Amino acid sequence: MMNVMRTRPIVALIYDFDGTLSPGNMQEFGFIQAVGSTPEEFWSMSDQIAKGQDASNILAYMKLMFDEAKKHHIKLRRENFKKFGKDIQLFNGVKEWFRLINNYGKQKGVKIEHYINSSGLKEIIEGCPIAHEFKHIFGCTYLYNEEGEAEWPGIAIDYTAKTQFMFKINKGIFSSRDTEKVNESIAEDKKRIPFTNMIYIGDGDTDIPCMKLATMFGGNSIAVYNPENMKKKAKARKLRRQGRVNFMAPAIYTKDSIIYEIVCSIIDKIKADDQIKYLSKISLD
């Protein structure tokens, strides 16, 4: 029998953040209150900027955060953003989810890695209670001056820009700035995490290209929804009906949840496919 080197397959769980792991937008758990607005007022102003200038919704909210902070004498430093992240609310079971899935993967001989792919602010996510669970966080960021204060958007990630990070995860690239390695031609069997081993979990319009990309290349995507919001459930059902996602489930991340059963079943399939591939190689002898 030929000697074939065996490695554990890596399974990447890639999450949106707002509406996926948290029931609200991250700015709503501290920042918006600090500038004296309500969420409705803040997002209405952000939409007006985008519509009035025919501009990116992402750049519009980043400018509004900058302007409102300046108006209320709030210093936008990395450490201040992290403080806004510590009070972010999470869906039921999220804090325990990572341990559950990591343990299941270990039992099955699979390595689990978790990633964030968000149009929200990376600096705020880095301050939330689950930040340490992620292999890497891809999100919007600011540029900072010599005093450490935000002065200009550094990275603005809209719905199509999110797809680039799927390719970076595929090739094991963790730099948001990189545009060279991500476009290099690499043999499929040399890529760190094949798309077939990716599970994309999201809730909204900004996730659709990533959901479609995952399913198109043989991976899986799951549309989650706030179980208390029937509009969100209807949107998830529409995505499932249109074939843009493989599954839909309420955003409940406990061991007895639907999404836990779905993800564990996908892990089982990835492990089985890896075993079949391995047996195919050694049977050549």
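**Note on the aromatic pairs and the sheet**

1. Phe 31, Phe 42, Trp 43, Tyr 61 and Phe 84 are joined into a cluster by ring pairs. The model is a predicted one, and the positions discussed here should be read as such.

2. In total, 15 aromatic pairs are counted. One of them joins Phe 81 and Tyr 142, with ring centres 5.7 Å apart and planes at 10°. This pair is classed as stacked, because planes under 30 degrees apart fall in that class.

3. What does the pair of Phe 81 and Tyr 142 tie together? Phe 81 belongs to helix H4 (residues 78-85) and Tyr 142 to strand S3 (residues 136-144), so the contact between the rings connects parts 61 residues apart in sequence. Both Phe 81 and Tyr 142 are buried.

4. The sheet is open and consists of seven strands, ordered S4-S3-S2-S1-S5-S6-S7, with mixed pairing. At its edges are strand S4 (150-155) and strand S7 (247-250), each of which pairs on one side only. From one strand to the next, the twist averages 25°.

5. Strand S3, which carries Tyr 142, pairs with strand S2 (residues 111-121) in the parallel sense, and four bridges support this pairing. Leu 121 has Cys 140 in S3 as its bridge partner.

6. Helix H3 (residues 57-71) lies across S2, S3 and S4. Relative to S3, helix H3 runs at about 50°. Strand S3 is thus a recurring element in this note: S3 holds Tyr 142 of the stacked pair, pairs with S2 and is crossed by helix H3.

Conventions
Residues numbered from 1 in each chain as written. Predicted model: local features only at pLDDT ≥ 70, side-chain atom pairs only at ≥ 80, totals over all residues. Heavy atoms only, no water. Phe/Tyr/Trp six-rings, centres within 6.5 Å; stacked < 30°, edge-to-face > 60°. Helix = DSSP H or I, 4+ residues; strand = E, 2+ residues; numbered from the N terminus. Buried < 20%, exposed > 50% of the residue type's maximum accessible area, 1.4 Å probe, protein only. Pairing = 2+ DSSP bridges. Axes fitted to C-alpha atoms, helices over the stretch in contact; angles between N-to-C directions. Contact = heavy atoms within 4.5 Å.
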